[in-house]
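This report walks through the annotated spans, a helix pair and a handful of residues. Keep the viewer open while reading.

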Amino acid sequence: MQEHDVSWVRTEMVLAEAAPRSQAGFGAWFRKNLFATPIDAALTVLALLALAWAVPQILNWAFFSAQWTGADRSACLTVAQGGSHPDGWSGACWAFVSAKFGQFMFGRYPIEERWRVILTGILFVALLAPLLIPRAPYKGLNAILFFGLFPFVAFFLLVGGFFGLPYVETSLWGGLLVTLVLSYVGIVVSLPLGIILALGRRSHMPAVKLLSVIFIETVRGVPLVTVLFMASFMLPLFAPPGVTFDKLLRALIGVALFASAYMAEVVRGGLQAIPKGQYEGADSLGLGYWQKMGLIIMPQALKLVIPGIVNTFIGMFKDTTLVLIISMFDLLGIVKQNLADANWATPQTAKTGLVFAGFVFWIFCFSMSRYSMYMERRLDTGLRR
């Protein structure tokens, strides 16, 4: 038998080498993402030119030429009259935001009682943060405190009338306080109610399916303004004589029901995306309907529709501004109301106030969006790839 020469076989591993310069580093990313094709290069150049034109003006208006302190409109008018722009153009009037900041946050909530709102906010953050951190322990207890106990504690603190706390009627609430209250209740109520409606729409019981379809299609077929009008002006007509509903409570009901109808369709899309084999596998294990949904189907469905759920939450958070229609003043509403203050009437007051309101909304919406992306990456099992 002829022997073969095996002297060419390598006996040691080749040492790892660095990636080619053309395929690694910032320069490679720059070429791949911004200058990969002539069209990409042209769009990149146009974008850089637009930024070079816009960014200096934005920075000049928001920071360098802005007025940060002042007791009234004269501070901002002085800057405008001494500005370099031929029309007396000046920077932002942040003195207006500073002077009205308390109203933007609390509305007309009594100043001496605002510590109750601050304490409620601290409790909210302290209970929410562990829920958002995956490695935080005692998730079950934390969820019970946040969703079960906190609403009652917040009610006692904000409304008062108990344990020696003065009563503060909700007509005095406003600003970011109203925005967060509406959003919190809407999110907490709309998700479980939306899940129930989605399951009801897919139910094999005709009565349950019909009621779910009627509710979802009716609510989705009208704008939120109509729902708020119905909740604010029509709902009391159906109440027994002598029974009245607080205006904030009516708005909470309207926003929660409106969001739940959209949430139901988002969840139903996730349920339809689950393969039939998952249902059959759960049935083969002898699981009942609620066990199958709670342990097998719903966790997978909710994971698939995280972007849709968060998108609904963001839309609802921004739609809280529509409560101005029923004479409730959220953050945007209280800003617009203060623009009518003659003591702060300047050419830059309205722009500054609206930019401030928009920036606050952007912070909350962007935070929800980024956390949604984080949870998608964490829960991604790689099956879709």
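UniProt positions are given in the numbering used here, feature names are shortened, and annotations may be inferred rather than shown by experiment. The model is predicted, so local features need pLDDT of at least 70 and side-chain atom pairs count only at pLDDT 80 or more, while totals for chains, interfaces and linings use all residues. Residues are numbered from 1 along each chain as its sequence is written, and side-chain values use heavy atoms, with hydrogens and water left out.

**Annotated spans**

An unreviewed UniProt entry gives "transmembrane region" for residues 41-64, 115-133, 145-167, 173-198, 210-236, 248-267, 301-329 and 349-368. The unreviewed entry also places "domain: ABC transmembrane type-1" at residues 176-367. Helices (H or I, at least four residues) and strands (E, at least two) are DSSP runs, numbered from the N terminus. The table lists helix content, strand content and end-to-end C-alpha distance for three of these spans.

| Span | Helix | Strand | End C-alpha distance |
|---|---|---|---|
| Residues 115-133 | 95% | 0% | 27 Å |
| Residues 173-198 | 88% | 0% | 34 Å |
| Residues 176-367 | 76% | 0% | 16 Å |

**The α13 and α15 pair**

Two packed helices are described by the angle between their axes and the distance between the axes. Axes are lines fitted to C-alpha atoms, for helices over the stretch in contact, and angles run from 0 to 180 degrees between N-to-C directions. How do α13 and α15 pack? Helix α13 spans residues 306-319 and helix α15 spans residues 349-379. Their angle is about 170°, and their axes are 10 Å apart. The two are therefore roughly antiparallel, a label for angles over 145 degrees.

Contact means heavy atoms within 4.5 Å. From α13, the contact uses Ile306, Pro307, Val310, Phe313, Ile314, Phe317 and Lys318. From α15, the contributors include Phe361, Phe364, Cys365, Met368 and Leu379. The contact residues split into 12 nonpolar, 2 polar and 2 charged. Here Ala, Val, Leu, Ile, Met, Phe, Trp, Tyr, Cys and Pro count as nonpolar, Asp, Glu, Lys and Arg as charged, and the others, Gly among them, as polar.

**Two threonines**

Buried means under 20% relative accessible area, exposed over 50%, and partly exposed in between (1.4 Å probe, protein chains only). A polar contact is a pair of N or O atoms within 3.5 Å; within protein, one must be able to donate a hydrogen and the other to accept it, and residues adjacent in sequence count only if both atoms are side-chain atoms.

Thr170 sits in the loop between α6 (139-159) and α7 (176-201). Its relative accessibility is 14%, so Thr170 is buried. Its side chain makes a polar contact of 2.6 Å with the side chain of Asp246. Beyond neighbours within four places in sequence, Thr170 touches Asp246 and Leu248.

Thr349 belongs to helix α15. At 2% relative accessibility, Thr349 is buried. Its side chain reaches the backbone oxygen of Trp344 at 2.6 Å. Outside four places in sequence, Thr349 contacts Phe96, Leu339 and Trp344.

**Residues with more open surroundings**Phe64 lies in helix α2 (residues 38-64). With 65% relative accessibility, Phe64 is exposed. Phe64 and Gly91 are 27 residues apart in sequence and 7.5 Å apart, C-alpha to C-alpha. Pro56 is also in helix α2 and, at 45% relative accessibility, counts as partly exposed. Ala350, in helix α15, is partly exposed at 32%.

Terms used. Parallel < 35°, antiparallel > 145°, perpendicular 65-115°, else oblique.
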